[in-house]
Amino acid sequence: MSTNTIDNSRKVTTRRLVEKKQRGEKISMLTAYDYSSAKIVDESGIDVILVGDSASNVMAGNVTTLPITLDQMIYHAKSVMKAVKRALVVVDLPFGSYQGNSKEALASAIRIMKESHAEAVKMEGGAEIRESVERILCAGIPVMGHLGLTPQSINKFGTYSVRAREEEEARKLIADAKLLEEIGCFAIVLEKIPAKLAAEVSAQLTIPTIGIGAGGGTDGQVLVMHDMLGINSGFSPRFLRRYANLAEIMHNAIGRYVEDVKSGDFPSETESY
Ligand code: KIV
């Protein structure tokens, strides 16, 4: 379906995502962190916009997602919310804002909802964060889970390689996914796990799974916008499909601008008052 024919009138809600799964319709999700790109992403017909803590990498230039703060996530979420009309907007709870205790987790989630007007939060982990997830859900805030490779735990894993290849970890992942569904999460991101396991988890749940590096058997897919548009050209894992090479387009355009300024070709008379 082209962008011109997308029905932009129906707002995407957590409930609509579950209905999509029931109908066997795939869910599209993409990150955005600012007003201008969120507007384009929303107008292109994306179902879910994730204000991901990957902003720590692609916006702030950090090596991991750990340094980004709650204030910074709220800043990004507020900018995105001003642009979005149709997509469901989910915001990552950043590292350190929910792992301490469940009261702190709820306070962090409430700040995101009150200050940014976003519609849901995402949290990394399973049984170990159960109490925090439950407390947030009790306050009426929808929670998206995130299992498999959880980048906020990179210092524990020591690597960004595929998770849950071994049976024990796969079993824990299935149990965590079922737990998150049981306590009321509306969807779960499955990051970098074997496609067979992701398909198995997806078949066992009634809530949708959104995969990244988890094969085609999940109920939806998510990518980081800067990666799929080729802005962040140094990152090319196997799961990433590049839909554009914006780094090259931007280099060319900015290079031409520099030349035109140097030569005096810009601005012309028609570009002057
Ligand atoms: O922060 C992020 O962009 C994410 C996606 C990779 C799922 O969590």
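What follows is a working chat about a predicted model of a protein with a bound ligand.

Me: Which residues sit around the ligand?
Reply: In this predicted model, the residues around the ligand are Thr-31, Leu-50, Gly-52, Asp-53, Ser-54, Asp-92, Lys-122, His-146, Ile-212, Val-222 and Val-224.

Me: And how far is a polar side-chain atom of Lys-122 from an oxygen atom of the ligand?
Reply: For Lys-122 the distance is 2.9 Å, while a polar side-chain atom of Asp-92 lies 3.1 Å from a ligand oxygen, and an N or O atom in the side chain of Asp-53 is 3.0 Å from an oxygen atom of the ligand.

Me: How much of the ligand's accessible area does the protein cover?
Reply: The ligand on its own has 260 Å² of accessible area, and the protein covers 95% of that.

Me: Switching to the cores, which residues touch the most other members in the largest nonpolar one?
Reply: That core has 60 residues, and those touching the most other members are Ile-49, Val-89, Ile-136 and Leu-190. There is also a second, separate core of 16 residues, which includes Leu-17, Met-29, Leu-50 and Val-222, and Leu-50 and Val-222 are also among the residues around the ligand.

Me: What does Val-89 touch, then?
Reply: Leaving out residues up to four places away in sequence, Val-89 touches Ile-49, Val-51, Val-80, Met-81, Val-84, Ala-118, Glu-119 and Ala-120.

Me: Now Ala-177, is that buried or exposed?
Reply: Ala-177 counts as buried because its relative accessibility is 1%, which is under the 20% cut-off. Ala-177 lies in helix H8, residues 167–183, and, not counting residues up to four places away in sequence, touches Leu-147, Ile-188, Val-201 and Leu-205.

Me: Where is Asp-219, and is that one buried or exposed?
Reply: Asp-219 is in the loop between strand S7 (209–212) and strand S8 (220–223), and it counts as buried because its relative accessibility is 13%.

Me: What does the Asp-219 side chain have a polar atom close to, at 2.9 Å?
Reply: A polar atom of the Asp-219 side chain lies 2.9 Å from the backbone nitrogen of Thr-209. Aside from neighbours within four places in sequence, the contacts of Asp-219 include Lys-21, Glu-25, Lys-26 and Ser-202, as well as Thr-209.

Me: Last topic, what does the domain assignment give?
Reply: The assignment gives domain 1, covering 3–242, and domain 2, covering 246–273, and the centres of domain 1 and domain 2, taken over C-alpha atoms, are separated by 39 Å.

Definitions and conventions
Residues are numbered from 1 along each chain as its sequence is written. This is a predicted model: local features need pLDDT of at least 70, side-chain atom pairs count only at pLDDT 80 or more; totals for chains, interfaces and linings use all residues. Side-chain values use heavy atoms; hydrogens and water are left out. Helices (H or I, at least four residues) and strands (E, at least two) are DSSP runs, numbered from the N terminus. Buried means under 20% relative accessible area, exposed over 50%, partly exposed in between (1.4 Å probe, protein chains only). Contact means heavy atoms within 4.5 Å. Domain bounds come from an automatic or database domain assignment. A nonpolar core is a set of buried Ala, Val, Leu, Ile, Met, Phe, Trp, Tyr and Cys residues joined through side-chain atoms within 4.5 Å. A residue is near a molecule or strand if one of its heavy atoms lies within 4 Å of it. A polar contact is a pair of N or O atoms within 3.5 Å; within protein, one must be able to donate a hydrogen and the other to accept it, and residues adjacent in sequence count only if both atoms are side-chain atoms. Accessible areas come from the Shrake-Rupley method with a 1.4 Å probe; for residues, only the protein chains shown count as cover.
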